[in-house]
Amino acid sequence: MEQRKWIPIKEMDGSNTLVWGDKPEVMPEQAFISLTRGEGLNLIQLFINQVLTLLVMNQMKKTPGLLYAELNGELKKWKGNGQTMTVWDGKLMPKFRNHNTHGFAMKFFTWIIHRKNTKNYYLTYSANETIPTVPEVRDILRKYGKYYDGGVLARKAGPPKYEKDKKSS
């Protein structure tokens with residue numbers, strides 16, 4: 001089996017993305033996508049975010065069920081945004097999410113990242129055969145994600161509905 005590596009990509013909007021794996025051409029039936037985004041992080045928050053992200057990236061490489069991942073970041077005028085997307089086969093993400101480095105990072109992020117200067121978004125939903133682009137992830141999170149404004153929960157998550165979902169309802 002070929003060893004997958006993190007590949008850097010420069011986006012059209014000037015941000016940078018790290019990609020792990022190849023986007024699956026055919027999605028498993030039980031695939032789902034997990035998205036996160038933090039906006040307005042100051043330099044200290046960005047540094048801490050970077051350190052923890054590097055540790056979590058190492059854990060991600062060893063996690064069964066992870067099909068694909070993108071980590072995107074941008075820095076503008078001393079403020080930064082960070083965004084992640086992971087694509088999973090089945091329901092293996094909770095084991096990854098709640099344990100080891102990622103479990104620690106989640107607790108630490110709540111303390112350091114959810115501050116008055118930030119907006120944070122989280123969403124996990126069924127993949128519906130498509131994987132969004134970096135700008136689409138941002139838009140999906142802003143519209144449907146669990147949203148914290150200045151560290152205060154402002155909206156619960158409401159996963160997007162697709163034509164396939166609407167017909168079965």
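**Exercise 1. Determine how contacts and secondary structure are distributed in the protein.**

Step 1. Among contacts in the protein with a separation of 6 or more, 70% are between residues 24 or more positions apart; a contact means heavy atoms within 4.5 Å. The structure is a predicted model, in which local features need pLDDT of at least 70 and side-chain atom pairs count only at pLDDT 80 or more, while totals for chains, interfaces and linings use all residues. Residues are numbered from 1 along each chain as its sequence is written, and side-chain values use heavy atoms, with hydrogens and water left out.

Step 2. The protein has 5 helices and 8 strands. Helices (H or I, at least four residues) and strands (E, at least two) are DSSP runs, numbered from the N terminus. Their order from the N terminus on is β-β-β-α-β-β-α-α-β-α-β-β-α.

Step 3. Of the 169 residues, 41% count as buried. Buried means under 20% relative accessible area, exposed over 50%, and partly exposed in between, with a 1.4 Å probe and protein chains only.

**Exercise 2. Describe how strand E2 pairs with E1 and with E4.**

Step 1. Two strands pair if DSSP finds at least two bridges between them. Strand E1 (residues 6-10) and strand E2 (residues 16-20) meet this with 5 bridges in the antiparallel sense. Ile9 has Thr17 in E2 as its bridge partner.

Step 2. E1 and E2 form a hairpin with 5 residues between them, and Gly14 in the turn has a positive phi of about 95°.

Step 3. E2 is also joined to E4 by 5 bridges, and these two strands run antiparallel. Here Asn16 has Gly73 in E4 as its bridge partner.

**Exercise 3. Locate Glu11 and Asp89, and state which residues they touch.**

Step 1. Glu11 is placed in the loop between E1 and E2. Its relative accessible area is 22%, so Glu11 is partly exposed.

Step 2. Not counting residues up to four places away in sequence, Glu11 touches Thr17, Asn72 and Val134. The C-alpha atoms of Glu11 and Glu74 are 9.9 Å apart, although 63 residues separate the two in sequence.

Step 3. Asp89 is placed in strand E5. With a relative accessible area of 33%, Asp89 is therefore partly exposed.

Step 4. Leaving out residues up to four places away in sequence, Asp89 touches Pro28, Gln30, Gly65 and Leu67. Met27 lies 62 residues from Asp89 along the chain, and their C-alpha atoms are separated by 8.3 Å.

**Exercise 4. Find the loop that holds Lys77 and Trp78, and state the phi of each residue.**

Step 1. Lys77 is in the loop between E4 and E5. Trp78 also lies in the loop between E4 and E5.

Step 2. Lys77 is not a glycine, yet has a positive phi of about 50°. Trp78 is likewise not a glycine and has a positive phi of about 65°.

Step 3. The relative accessible area of Lys77 is 77%, so Lys77 is exposed. Trp78 has a relative accessible area of 65% and is therefore exposed.

**Exercise 5. Identify the members of the nonpolar cores that are named here.**

Step 1. A nonpolar core is a set of buried Ala, Val, Leu, Ile, Met, Phe, Trp, Tyr and Cys residues joined through side-chain atoms within 4.5 Å. In soluble globular proteins, nonpolar side chains tend to be buried together.

Step 2. The largest nonpolar core has 17 residues, of which Ile33, Leu35 and Met85 touch the most other members. At least two residues of this core come from each of strand E3 (31-41), E5, strand E6 (119-126) and H4.

Step 3. Apart from neighbours within four places in sequence, the residues in contact with Ile33 include Met85, Val87, Leu123, Tyr125 and Ile131.

Step 4. A second, separate core of 10 residues includes Val56, Met57, Ala69 and Leu71.

**Exercise 6. State which residues line the largest cavity, and which elements they come from.**

Step 1. On a 1 Å grid over the protein atoms alone, a cavity is a set of points where a 1.4 Å probe fits but cannot get out; lining residues have an atom within 4 Å of a point. Grid points are joined across faces, edges and corners, and a volume is the space filled by probe spheres set on the points.

Step 2. The whole structure contains 1 cavity of 30 Å³ or more. The largest cavity has a volume of about 30 Å³.

Step 3. Its lining consists of Glu70, Asn72, Gln83, Thr84, Met85, Val134 and Val137. Strand E4 (66-76), strand E5 (79-89) and helix H4 (134-144) are the elements that give two or more residues to this lining. E5 gives the most, with 3 residues.

Terms used:
On a 1 Å grid over the protein atoms alone, a cavity is a set of points where a 1.4 Å probe fits but cannot get out, and a pocket is an open set with protein on both sides within 12 Å along at least five of seven lines; lining residues have an atom within 4 Å of a point.
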